[in-house]
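Let's take a walk through this fold together. Have the sequence and the coordinates open, and we'll go from one strand outwards.

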Amino acid sequence: MKRFPVLAVLVLLTRGFHPQPGAPSPTRDVGFDQRLGAQLPLDLAFRDEAGRDVHLRDYFGRKPVLLSLVYYSCPMLCGLATEGLVRSLKGISFDVGREFDVVTVSFDPREGSKLATEKRDGVLRAYGRPGAADGWHFLTGTEASIRELTRAVGFRYVWDSESQQFAHATGVVTLTPHGKVARYLFGIDYPSKDLRFGLMEATSERIGNLVDQLLLLCYHYDPKMGRYTPAVLGVLRVAAGLTVLFVGGGIVLALRREKRRATETKRAA
């Protein structure tokens, strides 16, 4: 990018990025403000990759949704973020289209269904899991719809006329089945653990197995970092619970053995 060397791009990727007052334009207007619990305007109209008119609510109601905001003709950052998301999703057992859906929205109103289809085809090939075509959606829209959506999730971006590119931060948002913001994950590469936990919390932990539930107790979400970090108290609670379980199980087994011996001794007498 002409105006934003690698170092500047890395600045934009900083977790919870908030430009400093007096920072050179346009970076001072770029960021990702966390609006946890905010309700998405589900009546917003967009077009899907096939050019059909759709509304956000068409993708909500039954599953958590992962929202990614990109523009399809982005020469570098968006492609890196999408590749990172695919890698992370391949690292979890939850499947797109089964346990959750992904909605990727272009924030460039000039882009249409042709570009969306091209991006979709490449992403689905890279992801490579059956059923993903029914669960990963690529949308384009008008300036008004895009602005309302990005404002709802705190995504701030600007057009840089000198480089003829958008300056923007990167991240994904996990949303509840009812369209409320649950968690933010920042950067271009997302730990699979964080994605898994974010989706579990977005659906009130109704997906995931017992091991996932126990692991989630050992971590807490850090909104400043946009990451799940180890929670000492949670680890201690899980450890204490497992100790009680093992000790209790040992006592039960010992009592059963003692009872069995007593019965056998009584019968022998």
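How many of the residues of β4 are buried? Six of its six, so to speak a strand that is mostly covered. Keep in mind as we go that this is a predicted model.

Let's look at that strand from both sides. In a regular strand, side chains point alternately to one face of the sheet and then the other. In β4, Val-65, Leu-67 and Leu-69 sit on one side, while Leu-66, Ser-68 and Val-70 sit on the other, and all of these are buried, leaving both faces covered.

Now for the neighbours. β4 is joined to β5 by six bridges, and the two run parallel; Leu-69 faces Val-105 of β5 across that pairing. To get from β4 to β5 the chain passes through α2, making a right-handed β-α-β crossover. With β9, β4 forms four bridges, this time antiparallel, and here Val-65 has Leu-175 of β9 opposite.

Step back and you have an open, mixed sheet of five strands, in the order β6-β5-β4-β9-β10. The edges are β6 (136-139) and β10 (181-186), each of which pairs on one side only. Ignoring direction, neighbouring strands in the sheet are turned by 20° against each other on average. Out towards the β10 edge, β9 (residues 171-175) and β10 run antiparallel with five bridges between them, and Gly-171 stands opposite Phe-186 of β10. Helix α2 (residues 77-90) packs on this sheet and touches β4, β5, β6 and β9, with its direction at about 160° to that of β4.

What about the nonpolar interior? The largest nonpolar core has 57 residues, and the members that touch the most others are Leu-40, Phe-46, Leu-67, Leu-89, Trp-136, Leu-149 and Val-153. α2 supplies the largest share of this core, with six residues. Leu-67, which we met on β4, shows how the contacts spread out: setting aside neighbours within four places in sequence, its partners are Val-103, Val-105, Leu-149, Val-153, Gly-171, Val-172, Val-173 and Leu-175. Two of the residues in that list, Leu-149 and Val-153, are also named among the best-connected core members.

Next, the cysteines. A disulfide is a covalent bond between the sulfur atoms of two cysteines. How many disulfides does the model have? The count is zero. Why is Cys-74 not bonded to Cys-78? Its sulfur lies 3.4 Å from that of Cys-78, the closest cysteine sulfur, and that is too far for a bond, given a cut-off of 2.5 Å. Seen from the other end, Cys-78 is in no disulfide either, with the sulfur of Cys-74 as its nearest. Both are buried: Cys-74 has a relative accessible area of 11%, and Cys-78 one of 3%.

One last stop, at a backbone oddity. Most residues other than glycine have a negative phi. Gln-164 is not a glycine, yet its phi is positive, at about 60°. Where does Gln-164 lie? Look in the loop between β7 (155-160) and β8 (165-168). Unlike the buried residues of β4, Gln-164 is exposed, with a relative accessible area of 51%.

Key:
Residues numbered from 1 in each chain as written. Predicted model: local features only at pLDDT ≥ 70, side-chain atom pairs only at ≥ 80, totals over all residues. Heavy atoms only, no water. Pairing = 2+ DSSP bridges. Axes fitted to C-alpha atoms, helices over the stretch in contact; angles between N-to-C directions. Contact = heavy atoms within 4.5 Å. Core = buried A, V, L, I, M, F, W, Y, C linked by side-chain atoms within 4.5 Å. Buried < 20%, exposed > 50% of the residue type's maximum accessible area, 1.4 Å probe, protein only. Right-handed = clockwise from strand over helix to strand, strands pointing away.
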